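User: Please take a close look at one part of this model, the sheet, and at what is tied to it. I would like one connected account rather than a list.

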Amino acid sequence: MIRLTPAFLLAAPLLLAACGQGASTEEPVTNVTVPEGNYVQAIRTMPAGQRTGVMFRAIRDAGRECQQVTDVKEAQAIDGAPTWVAVCDGSTRWLVAINADGIATVTNATELKDANAK
């Protein structure tokens, strides 16, 4: 006769629950800290490579097509929001306007012209 100890009886459900569980396939979560302060000034003063990266992320996060930002220049503000022209893949020009909260609005010149005509 097999004698079961109380410790085994408590551990058995835990051992059974662990059966069949493989390694997790979920990616680890990384928290991103957004700095407080003047986003526009931070973008203006960052090195060109970082500014290019910021514009690339803004364009891609907006669901726009871009494989590589090849040029970035500050342009005239749109509705008071500082704006940059970012050129993707050597030809497509995107306007990236950054508001005071650091939120980017991405549009192209044709969309902006059509919106202003209405």
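Analyst: Asn108 is a convenient place to start: with a relative accessible area of 19%, Asn108 is buried, because buried means under 20%. The model is a predicted one. Asn108 belongs to strand E4, which covers residues 104-108. Leaving aside residues up to four places away in sequence, Asn108 touches Arg93 and Trp94.

Strand E3 covers residues 92-98 and pairs with E4 in the antiparallel sense, over 5 bridges. Within this pairing, Leu95 has Thr107 in E4 as its bridge partner. Ile98, for its part, stands opposite Ala104 in E4. The hairpin of E3 and E4 has 5 residues between the strands, and in it Gly102 takes a positive phi near 85°.

The wider sheet comes next. E3 and E4 are part of an open sheet of 4 strands, ordered E1-E2-E3-E4 and with antiparallel pairing. E1 and E4 are the edge strands, each pairing on one side only. From one strand to the next, the twist averages 25°. In a regular strand, side chains alternate between the two faces of the sheet.

The chain as a whole has 4 helices and 4 strands. Read from the N terminus on, its elements run α-α-α-β-β-β-β-α. Helix H3 lies across E1, E2, E3 and E4, and runs at about 80° to E1.

The link between the sheet and the stretch that precedes E1 is a disulfide. A disulfide is a covalent bond between the sulfur atoms of two cysteines. A search of the whole structure finds 1 disulfide, and it is formed by Cys66 and Cys88, with their sulfur atoms 2.1 Å apart. Cys66 sits in the loop between helix H3 (48-61) and strand E1 (69-78), while Cys88 is in strand E2 (residues 81-88), so the pair ties together parts that are 22 residues apart in sequence. The torsion about the S-S bond of Cys66 and Cys88 is about -90°, so this disulfide is left-handed. Both Cys66 and Cys88 are buried.

Charged pairs add further links. Side chains of opposite charge can pair when their charged atoms come close. The count comes to 3 salt bridges.

One of them joins Glu74 and Arg44, whose closest N and O atoms are 2.7 Å apart. Glu74 lies in strand E1 and Arg44 in helix H2 (residues 39-45), so this salt bridge ties together parts that are 30 residues apart in sequence. Glu74 has a relative accessibility of 42% and counts as partly exposed. Arg44, at 39% relative accessibility, is partly exposed as well.

Another salt bridge is between the side chains of Asp71 and Lys73, at 3.0 Å from N to O. Asp71 has 32% relative accessibility and counts as partly exposed.

The remaining pair to describe is in the helix that lies across the sheet. There the side chains of Asp61 and Arg57 meet in a salt bridge, with 2.7 Å from N to O. Asp61 and Arg57 both lie in helix H3, 4 residues apart, which is about one turn of the helix. Asp61 is exposed, at 59% relative accessibility, because exposed means over 50%. Arg57, with a relative accessible area of 44%, is partly exposed.

Some figures for the whole chain give the setting. The chain has 118 residues, and buried residues make up 23% of them; Asn108, Cys66 and Cys88 are among the buried ones. Of the contacts in the chain with a separation of 6 or more, 26% are between residues 24 or more positions apart. The accessible surface of the chain comes to about 9100 Å², and 56% of that belongs to carbon and sulfur atoms.

To return to the part in question: Asn108 is buried, lies in E4, and touches Arg93 and Trp94. E4 itself is an edge strand, paired with E3 in the antiparallel sense. At the other edge is E1, where Glu74 forms its salt bridge with Arg44 of helix H2.

How values were computed: Residues are numbered from 1 along each chain as its sequence is written. This is a predicted model: local features need pLDDT of at least 70, side-chain atom pairs count only at pLDDT 80 or more; totals for chains, interfaces and linings use all residues. Side-chain values use heavy atoms; hydrogens and water are left out. A disulfide is a pair of cysteine sulfur atoms within 2.5 Å. Helices (H or I, at least four residues) and strands (E, at least two) are DSSP runs, numbered from the N terminus. Buried means under 20% relative accessible area, exposed over 50%, partly exposed in between (1.4 Å probe, protein chains only). Contact means heavy atoms within 4.5 Å. Accessible areas come from the Shrake-Rupley method with a 1.4 Å probe; for residues, only the protein chains shown count as cover. Two strands pair if DSSP finds at least two bridges between them. Axes are lines fitted to C-alpha atoms, for helices over the stretch in contact, and angles run from 0 to 180 degrees between N-to-C directions. A salt bridge is a side-chain nitrogen of Lys or Arg within 4 Å of a carboxyl oxygen of Asp or Glu.
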